[in-house]
Amino acid sequence: MVIVGAGLAGLTVAETLRAEGYAGPITLLGDEPHGPYHRPPLSKGYLLGETQEAQLVMRAPELLAKKNITLKVGTGVTAIDRAAQRISLADGSTLDYDGLALCTGSRLRPLPLAGADARGVFGLRSLADSRAIAAALETARNVVVIGGGFIGLEVASAARKKDKAVTVLEAADRLMARVVAPLISRFYLDLHSGHGVDVVLGAMVSELVVADGHIAAVKTKDGREFPADLLVVGIGILPNAEIAQAAGVECSGGIVVDACSRTSDPAIVAAGDCTARRMADGTFRRLESVQNAVEQGKSAAAALLGRDREFNAAPWFWSDQYDVKLQMVGLTAGFDQVVTRGEPKGNKFSTFYYKGGKLIAIDSLNQPAEHLTGRKLLDKGVSPTPEQAADIAFALAGLLG
Ligand SMILES: Cc1cc2nc3c(=O)[nH]c(=O)nc-3n(C[C@H](O)[C@H](O)[C@H](O)COP(=O)(O)OP(=O)(O)OC[C@H]3O[C@@H](n4cnc5c(N)ncnc54)[C@H](O)[C@@H]3O)c2cc1C
């Protein structure tokens, strides 16, 4: 079994294959210089020096060796020959496979402006990126973040904790607009503004001003100019699907998989950020989360062993900004009713999203127990009425039976 991409999804495939009794050779290939590591702290505790590099490591090399999983780092896979069931590596060698798992993750969406490669301009995807931003934060005075999504706002929060002047430029008319309701966007606008961040909505970035090869300012279409000696660009990611596509594996904004992580090639599975899952209604769903990498990884391993393991749990995700932990479960798309449970002013509340009277998602702020109950409600398809959800005296867990 050969796994391309030594991230969370790749590691999960490898370890699940072993746990499920597969005794043959497993090779895990990654093009980064490290073995699998946790990415979420890269925009949170690691940036602040609260999480140490050793804590990012997912598995010690001895543990992988004990499981007889061969990890090869610094090894990029360049092509797949599906007919021969053989992959080509960047060093010119090849490797044959019986089963292949593509867990290639994603990369940063580039900012299409001159100056995006200037010194002081960073994206945040890898340990190397986070190291570089953490170092630049030490001396930076004016931090500008392009993109008011999770990563951009987490970086803004970290930079404020380090007492830097921070500006967030967001093109949309609200923060995290892709995933949360206006009420939550408003809460986060107030949270960041309250911590001294200058959040600029509707900001169309038009020019990067570079002086002596270093970022100096960011201009917006409306003529405003924001001084910057550190610019972090957080405008989303693109799935690494090119080697699959070049080999003729079906791709549509990611490597197309079914609920069991199978691709259009029976010998190839895919898991994690690089995938686009075909849903029952023919649409494709891309998730970029720890849960998705783990669950699809487990399904992919099962599929390689000829077993069906559908991943149908409600999607969940989290984000830490200042002292607020946001935990989301379900997908908010198409909601037509929102109910608040708890007190937004106390930074402790949940928002329940309904579509046609049915609960579809919950965002919880500093309410970890409610988030866990919410996951169970959504997984079981149990829908409290909006009145029950809004009533903090009503025990939602009681509906679970
Ligand atoms: C800063 C940051 C914060 C995040 N915070 C959260 C969070 O709070 N909660 C949450 O749920 N999720 C969070 N995520 C998302 C989560 O980390 C990802 O969804 C998860 O890492 C996806 O795992 P993966 O294995 O699919 O991809 P990756 O972790 O990207 O791993 C893929 C690996 O494959 C390698 N690769 C690619 N192409 C090749 C090739 N051709 N040959 C060899 N190797 C290759 C890549 O270099 C990479 O090492 C965060 C991500 C980032 C970057």
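What follows is a walk through this predicted model, from its domains to some of its side chains.

Let's start with the big divisions. The chain splits into domain 1 (2–107 + 237–304), domain 2 (110–233) and domain 3 (323–400). Notice that domain 1 is written as two stretches of sequence, 2–107 and 237–304, while domain 2 is 110–233. The centres of domain 1 and domain 2, taken over C-alpha atoms, sit 30 Å apart.

Now for the interface between those two. On the domain 1 side, 17 residues make contact with 16 residues of domain 2. People often express the size of an interface as the accessible area lost when the parts come together. Here, domain 1 and domain 2 bury about 1500 Å² between them, and 60% of that is on carbon and sulfur atoms. Within domain 1, the residues that lose the most area to domain 2 are Ser43, Leu47 and Leu48, which together make up 39% of what that side buries.

There's a polar side to this interface too. Three salt bridges are counted between domain 1 and domain 2. If you'd like a pair to display, try Glu53 and Arg131: they form a salt bridge, with the closest N and O atoms 2.5 Å apart. Across the interface of the two domains, eight residue pairs are in polar contact, both residues being at pLDDT 80 or more. Which elements supply the domain 1 side? Those giving two or more residues are helix 2 (45–48), helix 3 (53–56) and strand 17 (237–239). Helix 2 has the largest share of that side, with three residues. By residue type, the side of domain 1 that touches domain 2 divides into eight nonpolar, three polar and six charged residues.

Step over to helix 5 (residues 127–139), whose buried residues are Leu127, Ser130, Ile133, Ala134, Ala136 and Leu137. What covers them? The cover includes helix 2 and helix 3, both of which also turned up on the side of domain 1 that touches domain 2. It also includes strand 9 (121–122), strand 10 (142–146), helix 6 (150–161) and strand 16 (230–233).

Next, a couple of buried side chains that have polar groups to place. Arg18 is found in helix 1 (residues 8–19). Is Arg18 buried or exposed? Arg18 counts as buried because its relative accessibility is 17%, and the cut-off for buried is under 20%. A polar atom of the Arg18 side chain lies 2.7 Å from the backbone oxygen of Tyr22. Leaving out residues up to four places away in sequence, Arg18 touches Ala23, Gly24, Pro25 and Ile26, and also Lys67, Asn68 and Ile69. Looking the other way along the chain, Arg18 and Gly5 are 13 residues apart in sequence and 17 Å apart in space, C-alpha to C-alpha.

Gln291 belongs to helix 9 (residues 290–304). At 4% relative accessibility, Gln291 also counts as buried. A polar atom of the Gln291 side chain is 3.0 Å from the backbone oxygen of Ala314. Beyond its neighbours within four places in sequence, Gln291 is in contact with Phe311, Ala313, Ala314, Pro315 and Trp316.

Finally, back to charge pairs. The whole structure holds 22 salt bridges. One of them joins Arg107 and Glu242, with the closest N and O atoms 2.8 Å apart. Arg107 lies in strand 8 (residues 106–108) and Glu242 in helix 8 (residues 242–246), so this pair ties together parts that are 135 residues apart in sequence. Both ends count as partly exposed, Arg107 at 32% relative accessibility and Glu242 at 42%.

Two other pairs are worth pulling up. Arg262 forms a salt bridge with Asp258, and their closest N and O atoms are 2.7 Å apart. Arg262 is partly exposed, with a relative accessible area of 31%, and Asp258 is partly exposed at 26%. Arg286 pairs with Glu288 in a salt bridge, the closest N and O atoms being 3.3 Å apart. Here again the partners are partly exposed, Arg286 at 25% relative accessibility and Glu288 with a relative accessible area of 32%. Salt bridges can also link up through shared partners, as in the one network that joins Glu15, Arg59 and Lys67. Lys67 may look familiar from the list of residues that Arg18 touches.

Technical notes. Residues are numbered from 1 along each chain as its sequence is written. This is a predicted model: local features need pLDDT of at least 70, side-chain atom pairs count only at pLDDT 80 or more; totals for chains, interfaces and linings use all residues. Side-chain values use heavy atoms; hydrogens and water are left out. Domain bounds come from an automatic or database domain assignment. Contact means heavy atoms within 4.5 Å. Buried area is the accessible area (1.4 Å probe) that two parts lose on being put together, summed over both. A salt bridge is a side-chain nitrogen of Lys or Arg within 4 Å of a carboxyl oxygen of Asp or Glu. A polar contact is a pair of N or O atoms within 3.5 Å; within protein, one must be able to donate a hydrogen and the other to accept it, and residues adjacent in sequence count only if both atoms are side-chain atoms. Helices (H or I, at least four residues) and strands (E, at least two) are DSSP runs, numbered from the N terminus. Ala, Val, Leu, Ile, Met, Phe, Trp, Tyr, Cys and Pro count as nonpolar, Asp, Glu, Lys and Arg as charged, and the others, Gly among them, as polar. Buried means under 20% relative accessible area, exposed over 50%, partly exposed in between (1.4 Å probe, protein chains only).
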